[in-house]
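Good morning, colleagues. Please turn to the sequence and the structure on the screen, and I shall then take you through a few local features.

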Amino acid sequence: MDLVIGGDTGPVHLAAAVGTATVSFYRASDGKRSGPRGDNHVVIQSPMPCSRCFRTRCDQDEECRRSITVDAVVHGVEKLLV
């Protein structure tokens with residue numbers, strides 16, 4: 001596998017541990033703290049001011065979910081594979 005895309009989940013961290021490139025996205029968790037590190041990984045953090053809140057439920061959940069765009073993920077993929 002050349003690349004794994006996902007949220008702050010086990011498969012992303014397992015892929016990073018075995019050297020596979022990753023594009024991972026973070027909303028309630030902090031991508032700088034929890035995300036894979038290095039040139040082979042792209043971490044996308046929600047731009048909302050309340051991101052990194054570590055809440056499991058929130059009345060802004062839908063807006064937070066939409067704040068991580070497909071374009072941002074595609075850009076991360078292109079950065080690693082092109």
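**Core, loop and cysteines**

Let me begin with Val42 in this predicted model. Setting aside its neighbours within four places in sequence, Val42 is in contact with Thr22, Val23, Ser24, Gly76, Lys79 and Leu80.

Val42 also belongs to the largest nonpolar core, which has nine residues. Its other members are Leu3, Ala21, Val23, Ile44, Ile68, Val73, Val77 and Leu80. At least two residues of this core come from each of strand 2 (21-26), strand 3 (41-45) and helix 4 (70-81). Helix 4 gives the most, with three residues.

I turn next to Ser46, which sits in the loop between strand 3 and helix 3 (61-66). Is Ser46 buried or exposed? Its relative accessible area is 3%, so Ser46 is buried. Apart from neighbours within four places in sequence, Ser46 is in contact with Tyr26, Arg27, Ser51, Cys64, Ser67 and Ile68.

Cys64 brings me to the cysteines. How many disulfides does the structure hold? The number is zero. Why is there no bond between Cys50 and Cys58? The cysteine sulfur closest to that of Cys50 is in Cys58, at 5.6 Å, which is too far for a bond, because a disulfide requires two cysteine sulfur atoms within 2.5 Å. Cys64 is likewise in no disulfide, and its nearest cysteine sulfur, that of Cys50, is 6.0 Å away.

As for accessibility, Cys50 is partly exposed, with a relative accessible area of 32%, whereas Cys64 counts as buried at 12%.

Key
Residues numbered from 1 in each chain as written. Predicted model: local features only at pLDDT ≥ 70, side-chain atom pairs only at ≥ 80, totals over all residues. Heavy atoms only, no water. Buried < 20%, exposed > 50% of the residue type's maximum accessible area, 1.4 Å probe, protein only. Core = buried A, V, L, I, M, F, W, Y, C linked by side-chain atoms within 4.5 Å. Helix = DSSP H or I, 4+ residues; strand = E, 2+ residues; numbered from the N terminus. Contact = heavy atoms within 4.5 Å.
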